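Here are my notes on the structure you sent round. Please read them with the coordinates open.

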Amino acid sequence: MPSLSVLSLTSNGYRLDDSPARLGRLTASDPAEPLDRLAARYEEQGYLWLKGLLSRDEVLAFRRYFFGQFATTGLLAPGTDPGDGIASSAPEAGGNARKVLFEIVRSAAYESFCLKQQLWMFLDRFLGGMSYLHKRKLIRYTKPGDASSTGAHYDLVYLRGGTRRLVTAWIPVGDVPVRMGGLVYLEGSHSLGRRLEDEFASANADLPPDERVSAFNRNMSETGWISKNLPEMAERFDRRWLVADYEAGDVVLHSPYTIHAATTNADPHGVMRLSTDIRYQPVADDIDARWSSHWSPDDGL
Ligand SMILES: O=C(O)CCC(=O)C(=O)O
């Protein structure tokens, strides 16, 4: 494993590796550990990186299925195996890849991937009762060198219309070593997220109900993100960004208050980062109605 100080790690043009003291590694958890120990670690860390919760082979089979749908779109390098997910160096033409992506979002194959038994059974145990999977589910591929990455945010900003007992599952669909720009977590940031949310709640108190739950209301930044400048945030909040070499089969659960972002895919061989992020909650709790439809580019969330 390369030392963190030699990694070239950037996000939206900002370099994270200039301050090695502001970088650390995520702590892994074994899904077979006793539930009370896992729950205590989630409370303490704001996340659980569950190693090998899913079958590696099944995850890799879904990666192949996913990229296989793009065979005629120009997304993949000619003559390569879809399972490898190697991006073509030529620019995509005609917007076909985008069309295919949003067809996959509505597909039975993707739905069943997100409802793997190992996952929902774990969530049932973790939430202490029947779990519900939000219909709005996001799946993203990132090509090496893509200029924009997910900025720092916590998920409740987009889900204020329902329960706070939400759990996001971020699932790498394929291996995502640090250089491929997986999720990075601001250490111990769930307490910070709670504080920010309290501040927004009082600032938003006088807004009409629809606006109050909006990630884009007048009291929020344009995107709902806290910042794109991750190194500056690490200094401002005096914390480290935690990175990880994710492997196919891993699942990361994070709380709706945990601040996270993504980094640039710097894979030298053109390998695309593929991941899905989906949200579970107790079925009996209030559900944010805005998340009851499939993800679409114009859903305003
Ligand atoms: O995969 C990404 O770039 C962002 C994912 C995310 O924000 C999430 O899992 O909540």
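The points below go from overall shape to the cores, the ligand site and three single residues.

1. Status and make-up. This is a predicted model. The protein chain holds eight helices and 13 strands.

2. Overall shape. What radius of gyration does the protein chain have, and what would a compact globule of 301 residues have? The chain has 19 Å, and the globule value is near 19 Å, so the two agree. The C-alpha trace spans about 55 × 45 × 45 Å along its principal axes.

3. Surface and burial. Of the 301 residues in the protein chain, 53% count as buried. The exposed area is about 13200 Å². Carbon and sulfur atoms supply 51% of that area.

4. Contact range. Take contacts in the protein chain between residues at least 6 apart in sequence: 80% of them join residues at least 24 apart.

5. Main core. The largest nonpolar core has 70 residues. Phe70, Tyr141, Trp241 and Leu253 have the most contacts inside it. Helix H3 (residues 96–105) gives the largest share of this core, six residues. A second, separate core has 16 residues, including Tyr47, Met180, Ala244 and Val252.

6. Phenylalanine 70. Which residues does Phe70 touch, not counting those up to four places away in sequence? They are Leu75, Ala97, Val100, Leu101, Ile104 and Tyr141. Tyr141 is also among the residues with the most contacts inside the largest core.

7. Ligand site. There are 14 residues around the ligand. Thr150, Trp170, His260, Arg273 and Arg279 come nearest. Three side chains place an N or O atom by a ligand oxygen: arginine 279 at 2.8 Å, arginine 273 at 2.9 Å and aspartate 155 at 3.1 Å. Taken alone, the ligand exposes 290 Å², and the protein buries 98% of that.

8. Isoleucine 171. This residue is found in strand S8 (residues 167–172). Is isoleucine 171 buried or exposed? Its relative accessible area is 0%, so isoleucine 171 is buried. Beyond its neighbours within four places in sequence, its contacts include Leu54, Phe113, Leu119, Val251, Leu274 and Ile278. Asp250, Ser275 and Thr276 are also among them. Leucine 253 is 82 residues away in sequence, yet 8.8 Å away in space, C-alpha to C-alpha.

9. Serine 227. This residue lies in the loop between helix H7 (209–212) and helix H8 (230–236). Serine 227 counts as buried because its relative accessibility is 13%, under the 20% cut-off. Its side chain reaches the backbone nitrogen of asparagine 229 at 2.8 Å. Leaving aside neighbours within four places in sequence, serine 227 is in contact with Gly151, Ala152, Glu232, Met233 and Arg236.

10. Histidine 254. This residue is found in strand S11 (residues 251–254). Histidine 254 has a relative accessible area of 1%, so it is buried. Its side chain makes a polar contact of 2.8 Å with the side chain of tyrosine 185. Outside four places in sequence, the contacts of histidine 254 include Tyr42, Gly46, Tyr47, Leu166, Val167, Thr168 and Leu183. Asp155 and His260 are also among them. Both recur at the ligand: the side chain of aspartate 155 has an N or O atom 3.1 Å from a ligand oxygen, and His260 is one of the residues that come nearest. By contrast, the C-alpha atoms of histidine 254 and phenylalanine 200 are separated by 21 Å, with these positions 54 residues apart along the chain.

Technical notes:
Residues are numbered from 1 along each chain as its sequence is written. Side-chain values use heavy atoms; hydrogens and water are left out. A nonpolar core is a set of buried Ala, Val, Leu, Ile, Met, Phe, Trp, Tyr and Cys residues joined through side-chain atoms within 4.5 Å. Buried means under 20% relative accessible area, exposed over 50%, partly exposed in between (1.4 Å probe, protein chains only). Helices (H or I, at least four residues) and strands (E, at least two) are DSSP runs, numbered from the N terminus. Contact means heavy atoms within 4.5 Å. A residue is near a molecule or strand if one of its heavy atoms lies within 4 Å of it. A polar contact is a pair of N or O atoms within 3.5 Å; within protein, one must be able to donate a hydrogen and the other to accept it, and residues adjacent in sequence count only if both atoms are side-chain atoms. Accessible areas come from the Shrake-Rupley method with a 1.4 Å probe; for residues, only the protein chains shown count as cover. The radius of gyration is taken over C-alpha atoms; the globule rule is 2.2 Å times the number of residues to the power 0.38.
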